Amino acid sequence: MTQDNSSQDNAAGQNGGGDLFNTAAGWVLFAAGLGLGLSILSGKYFHGDKPERPEKLGYVIEGVVEEGAGPAEITMAEALNAMPAAEMIAAGEKAFAKCQSCHTINAGGANGIGPNLHGTMGKAVASHAGFGYSAELKAKGGAWDWDSMNAWLKNPKAYVPGTKMSFAGLGKIEDRAAIAMYLNSQGSNLPVPAFTAAAAPTGDASAAAEEEAAGVAAAEAGTDPAAAAGE
Ligand code: HEC
């Protein structure tokens, strides 16, 4: 009997222990589930203000110069002398495709949305017969030369506010130089400004330094024959 009782007690004890264990395990699972659920939720709601958002978005490739960070643009004179004239004119003729929807360039060509451009280089601004220019371009005055054409083609609306030439402009000086060369070859013949690499840094200081160097060279050349005669 005692044995039976004890075995019953034991059984009851085991059952009780088992229930307790199951309940505890249940709570652990519940807690784990709750925790997981919360972390998913918080992930959803708070992901946006993650502190590790990089300051610069996109890939920065080392060694690649970003636009605008490069060296200053070359001068028009340098751009005009960047390649042989015939090549420049050919490049300009190609680039002129951007202008053809509004301009003809052949001698006696019709005015379109824009005036015929034959012989424009060296000609007074807004002077092509039979074209109705804007008051703003007519008021500009002067004649088309390398510098004014460069400025105009870079950004017509900045050079002549109020112009009716709706063309955004050419960002590259190489393109502007090529087109100006092409324009100049079509009924105009302005001399192309000379450019030598030595004269590149503009400013009086460098010019003075060059003259000085030339003077020294001349002086040296002058002393050489004397030295030779002395020997
Ligand atoms: C969307 C049409 C359009 C395009 C494209 C266009 N132009 Fe013009 N262009 C005009 C108009 C319109 C005028 C007259 C502007 C005014 O009267 O204010 C003009 C005027 C000019 C003038 C002044 C002519 C003069 O007699 O004084 C030059 C030079 C010129 N354009 C060159 C070009 C070149 C080079 C291109 C191409 C790179 C070009 N244009 C592209 C419409 C255009």
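Reader: How do the residues of the shell around the ligand divide into nonpolar, polar and charged?
Author: This is a predicted model, in which local features need pLDDT of at least 70, side-chain atom pairs count only at pLDDT 80 or more, and totals for chains, interfaces and linings use all residues. Residues are numbered from 1 along each chain as its sequence is written. Ala, Val, Leu, Ile, Met, Phe, Trp, Tyr, Cys and Pro count as nonpolar, Asp, Glu, Lys and Arg as charged, and the others, Gly among them, as polar. On that division the shell around the ligand holds 14 nonpolar, eight polar and three charged residues.

Reader: Which of the residues around the ligand come nearest?
Author: A residue is near a molecule or strand if its C-beta atom, placed from the backbone, lies within 6 Å of it. There are 25 residues around the ligand, and those that come nearest are Cys99, Cys102, Gly114, Ser134 and Met165.

Reader: Over which residues does pLDDT stay under 50?
Author: pLDDT is the predictor's confidence in each residue, from 0 to 100. The chain has a mean pLDDT of 78, with 57% of its residues at 70 or more. Where pLDDT is low, the predicted coordinates should not be read in detail. The model has zero contacts beyond four places in sequence (contact: C-beta atoms, placed from the backbone, within 7 Å) for two stretches where pLDDT stays under 50: residues 5-13 and residues 222-231.

Reader: How many helices and strands are there in the protein chain?
Author: Helices (H or I, at least four residues) and strands (E, at least two) are DSSP runs, numbered from the N terminus. Along the sequence the pattern is α-α-α-α-α-α-α-α. The count is eight helices and zero strands.

Reader: Which helix gives the largest share of the largest nonpolar core?
Author: A nonpolar core is a set of buried Ala, Val, Leu, Ile, Met, Phe, Trp, Tyr and Cys residues joined through C-beta atoms within 7 Å. In the largest one, which has 19 residues, Met149, Ala177, Ala180, Met181 and Leu183 touch the most other members. At least two residues of this core come from each of helix 2 (76-80), helix 5 (146-154) and helix 7 (173-185). The largest share, seven residues, belongs to helix 7.

Reader: Against which helices do the buried residues of helix 5 pack?
Author: A residue is buried if 20 or more other C-beta atoms, placed from the backbone, lie within 10 Å of its own, exposed if 12 or fewer, and partly exposed in between. In helix 5, Trp146, Met149, Asn150, Trp152 and Leu153 are buried. The packing partners are helix 2, helix 6 (156-159) and helix 7.

Reader: Is histidine 103 buried or exposed?
Author: Histidine 103 sits in the loop between helix 3 and helix 4. Beyond four places in sequence, histidine 103 contacts Gly112, Gly114, Asn116 and Leu117. Because 21 other C-beta atoms lie within 10 Å, histidine 103 is buried.

Reader: Near what value is phi of alanine 126?
Author: Alanine 126 is in the loop between helix 3 (85-95) and helix 4 (135-138). Alanine 126 counts as buried because of its 20 C-beta neighbours inside 10 Å. Its phi is positive in a residue other than glycine, near 55°.

Reader: How far apart in space are valine 192 and tryptophan 146?
Author: Valine 192 belongs to the loop between helix 7 and helix 8 (204-230). Having 16 C-beta neighbours inside 10 Å, valine 192 counts as partly exposed. Its contacts beyond four places in sequence are Leu80 and Ala85. Valine 192 and tryptophan 146 are 46 residues apart in sequence, and their C-alpha to C-alpha distance is 8.2 Å.
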